Amino acid sequence: MEHNSVRYKNMRVNGFPCLNPMDVNADHFFKAAMLDKPKNTKDSKFGSNVTLINVMQLPGLNTLGISIARIDYAPLGENPPHTHPRATEIFTVLEGTLYVGFVTSNQNNMNKLFSKVLNKGDVFPAVAVAALSSQNPGAITIANAVFGSKPPISDDVLAKAFQVEKGTIDWLQAQNIMASSSFLLLATLLALASWQGMASDPSPLQDFCVADMHSPVRVNGFPCLNPMDVNADHFFKAAMLDTPKNTKDSKVGSNVTLINVMQLPGLNTLGISIARIDYAPLVGLIHFQFNPNPHQPAVAIAALSSQNPGVITIANAVFGSTPPISDDVLAKAFQVEKGTIDWLQAQFWENNHY
């Protein structure tokens, strides 16, 4: 037994080992993260503050492949150029206006910038609230990684890659993490870098595969639009996720506004989507969320680790299926009279078919 204990104690897996299910409780899936509260941006050279909730803060995320973050920006603040080595990203703007963008690395579309100005409620894959398709997505700030690595990358290498004098590289490395004003110079250097500066092995994976909704080809998801026909609007949706939605027409008193690949073609193959859920006062749902306040509505932002997650409402699926599940089966499963099952099926059949 002692030998086994030592062996398991030193075990390393991709992520974390699983806690004994008997020791798991609701707190493992809960975090009083206060993502509704403004965060301090004054101590950041970039004028931004990222509050990330990943598996390190919320153990229940282990193996689920998702996390969430709030990003606050000071006036003229920025979240500097960066990558997430283990995740794709989608976000919605909660307050203000943001200029956002990403740069491709595909060989046939190298270093193309897709950018957009986002307003409150707009959606863009890749800030205000960001959902990431990893329980521990990581973040690599480009300037810090290139010019602040330990030990430093040779100034000969960087001078040749960025086509500048070694003295310029030495100065940038001395800054380690550059102030926002230095990024103007960095942007110029990045624009000057040749394609040899960033290279990768041939791979079937791509930066994006914008859904071609009109292609006759059938695949799991959608075929890819020709990259030369792709523009920033394929990654943008004026979703108005900041605007309250109607809950009065729903029997369960809720309204889900889902942004998936059908609304945002750029999500194709990225394995992520986002939704706003509005709840009327005193509403119960299976899966489940409930607003206990009888006087105030509630709102939530949901992140899902699929580009087209689908939804199955349990009661609707069980009592409103076509054709209906046998009332004998359901009466035995729920331990009630067949008449009760027949009444329930009648309610859901009417809702689904009229």
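**Exercise 1. Determine whether Asn79 is buried, partly exposed or exposed, and describe its surroundings.**

Step 1. Asn79 has a relative accessible area of 29%, so it is partly exposed. The cut-offs are under 20% for buried and over 50% for exposed, with partly exposed in between, using a 1.4 Å probe and protein chains only.

Step 2. The structure is a predicted model, in which local features need pLDDT of at least 70 and side-chain atom pairs count only at pLDDT 80 or more, while totals for chains, interfaces and linings use all residues. Residues are numbered from 1 along each chain as its sequence is written, and side-chain values use heavy atoms, with hydrogens and water left out.

Step 3. Asn79 is located in the loop between strand 2 (67–73) and strand 3 (82–83). Strands are DSSP runs of E with at least two residues, helices are runs of H or I with at least four, and both are numbered from the N terminus.

Step 4. Leaving aside residues up to four places away in sequence, Asn79 touches Ser48, Val50 and Tyr73; contact means heavy atoms within 4.5 Å.

**Exercise 2. State which residues UniProt lists under "binding site" together with His84 and Glu89, and locate these two.**

Step 1. An unreviewed UniProt entry places the feature "binding site" at Asn79, His84 and Glu89. UniProt also lists His82, His84 and Glu89 for "binding site" (unreviewed entry). Such annotations may be inferred rather than shown by experiment; the positions follow the numbering used here, and feature names are shortened.

Step 2. His84 lies in the loop between strand 3 and strand 4 (89–92), and Glu89 is found in strand 4.

Step 3. Glu89 has a relative accessible area of 12% and is therefore buried.

**Exercise 3. Identify the residues with the most contacts inside the largest nonpolar core.**

Step 1. A nonpolar core is a set of buried Ala, Val, Leu, Ile, Met, Phe, Trp, Tyr and Cys residues joined through side-chain atoms within 4.5 Å.

Step 2. The largest such core has 16 residues, and Leu118, Phe124, Phe208, Val230 and Phe235 have the most contacts inside it. Two or more residues come from each of strand 5 (98–103) and strand 6 (113–118). Strand 5 gives the most, with three residues.

Step 3. A separate second core has eleven residues, among them Ala211, Leu241, Ile259 and Val261.

**Exercise 4. Classify the ring pair of Phe114 and Phe208.**

Step 1. Rings of Phe, Tyr and Trp (its six-membered ring) pair if their centres lie within 6.5 Å; planes under 30 degrees apart are stacked, over 60 edge-to-face and the rest tilted. The count comes to seven aromatic pairs.

Step 2. Phe114 and Phe208 are 5.5 Å apart centre to centre, with 85° between the planes, and form an edge-to-face pair. Phe114 is buried at 1% relative accessibility, as is Phe208 at 4%.

Step 3. The rings of Phe208 and Phe235 are also edge-to-face, because their centres are 5.4 Å apart and their planes lie at 70°. Phe208 and Phe235 are 27 residues apart, each in the loop between helix 5 (182–192) and strand 10 (254–259). Phe235 is buried at 2% relative accessibility.

Step 4. Ring pairs join Phe102, Phe114, Phe208 and Phe235 into a cluster.
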